[in-house]
Amino acid sequence: KSILSKHKRKINPKFGQLTNSMQQLSSIVRELVGLIDQTKPNALGYQWILNFIAKAIVSQAETEARVKPESALPLGKLTLQLLVRYPELKELLMTRFVKKCPFVIGYTCSVDTEEGRLRMGWKRNSGNKWEEETSYDERMGGMVTLYSMITRLPLPQDFISTHKHPLPISCSWEMLARISNRPVELLTNAHFVVLGYWWDAAAAQFLQAYGSQAQKLLTLICNGLTSTVAEKKFVGAARLRILFEEWQMEGKIKSFPEMAA
């Protein structure tokens, strides 16, 4: 317990220290790998520290990537480095993602009841009232940004020939397809907000991966899906249509700038 407590205090700040520097990222990866490896002799301690890291990763996306989406690039690269080194982390990370942001697996239920809101990741504020819709949408967007980023990143060079991608670009396809197939009456502004965050993080790479099939799916989402909720005037749907129109006019999709050396 004493070792884990010390590790926790050392690990927690690392996620907030990420910058746009690859050198800084490499340094943090080395430090985290060293701390995690120290717990391996104790199976329970090893699982505990991985679970703590999974929580910290998702929490960082929830708080920082919501307001600074490009921060998901270094965080995504760090997460992918850890996922390929520690396969046990994937289940813990996905459990945390799904609990906090079920959009990542395309899950949707009605939010007309308290249970429904809890399932969809809504939080209560200090006055025990449900958070504002804008706050909820942004939090979901931050987590979807990180998840999307992980799916579109290539494996680290050292692992390309020995490992499969733990969360490949096909995970993005599944998320988009499932959201697209939800009953119209269950669609909220949040669905279109998270699709917009996904677009910023991964649409360019998605198009590279799937070519004409990606074009069809993106057109279906941005034209077809938004049209089904036109009378609701969702802000998220309007932004998605703007992103689609920019792509059609410019012939390319903008992506986050790459990290510096």
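Helix 2 gives the largest share of the lining of the largest pocket, 5 residues. The model is predicted. The pocket holds about 330 Å³ of space. Two helix pairs are also covered here: helix 3 with helix 5, and helix 8 with helix 9.

**Largest pocket**

- The lining counts 16 residues, and Met22, Lys77, Gln81, Pro156 and Gln157 are the closest to the pocket centre.
- At least two lining residues come from helix 2 (22–39), and at least two from helix 4 (72–85).
- Sorted by class, the lining has 9 nonpolar, 3 polar and 4 charged residues.

**Helix 3 with helix 5**

- Helix 3 spans residues 43–65 and helix 5 spans residues 88–100.
- They pack at an angle of about 40 degrees, and their axes lie 9 Å apart.
- That angle makes helix 3 oblique to helix 5, because angles under 35 degrees would count as roughly parallel.
- The crossing of the two helices is right-handed.
- Helix 3 makes the contact through Tyr46, Gln47, Leu50, Asn51, Ala54, Lys55, Ile57, Val58 and Glu62.
- Helix 5 answers with Glu88, Leu89, Leu92, Leu93, Arg96, Phe97 and Lys100.
- The contact of helix 3 with helix 5 divides into 9 nonpolar, 2 polar and 5 charged residues.

**Helix 8 with helix 9**

- Helix 8 covers residues 170–180, and helix 9 covers residues 189–228.
- The packing angle is about 120 degrees, with the axes 11 Å apart.
- Helix 8 and helix 9 are therefore oblique to each other.
- On the helix 8 side, the contact uses Ser170, Ser172, Trp173, Met175, Leu176, Ile179 and Ser180.
- On the helix 9 side, the contact residues include His191, Val194, Leu195, Trp198, Phe206 and Tyr210.
- Further helix 9 residues in this contact are Gln213, Ala214, Leu217, Leu220, Ile221 and Leu225.
- The contact of helix 8 with helix 9 has 14 nonpolar and 5 polar residues, and no charged residues.

Conventions. Residues are numbered from 1 along each chain as its sequence is written. This is a predicted model: local features need pLDDT of at least 70, side-chain atom pairs count only at pLDDT 80 or more; totals for chains, interfaces and linings use all residues. Side-chain values use heavy atoms; hydrogens and water are left out. On a 1 Å grid over the protein atoms alone, a cavity is a set of points where a 1.4 Å probe fits but cannot get out, and a pocket is an open set with protein on both sides within 12 Å along at least five of seven lines; lining residues have an atom within 4 Å of a point. Grid points are joined across faces, edges and corners, and a volume is the space filled by probe spheres set on the points. Helices (H or I, at least four residues) and strands (E, at least two) are DSSP runs, numbered from the N terminus. Ala, Val, Leu, Ile, Met, Phe, Trp, Tyr, Cys and Pro count as nonpolar, Asp, Glu, Lys and Arg as charged, and the others, Gly among them, as polar. Axes are lines fitted to C-alpha atoms, for helices over the stretch in contact, and angles run from 0 to 180 degrees between N-to-C directions. Angles under 35 degrees count as roughly parallel, over 145 as roughly antiparallel, 65 to 115 as roughly perpendicular and the rest as oblique. A crossing is left-handed if the near helix is turned anticlockwise from the far one by less than a right angle, and right-handed if clockwise. Contact means heavy atoms within 4.5 Å.
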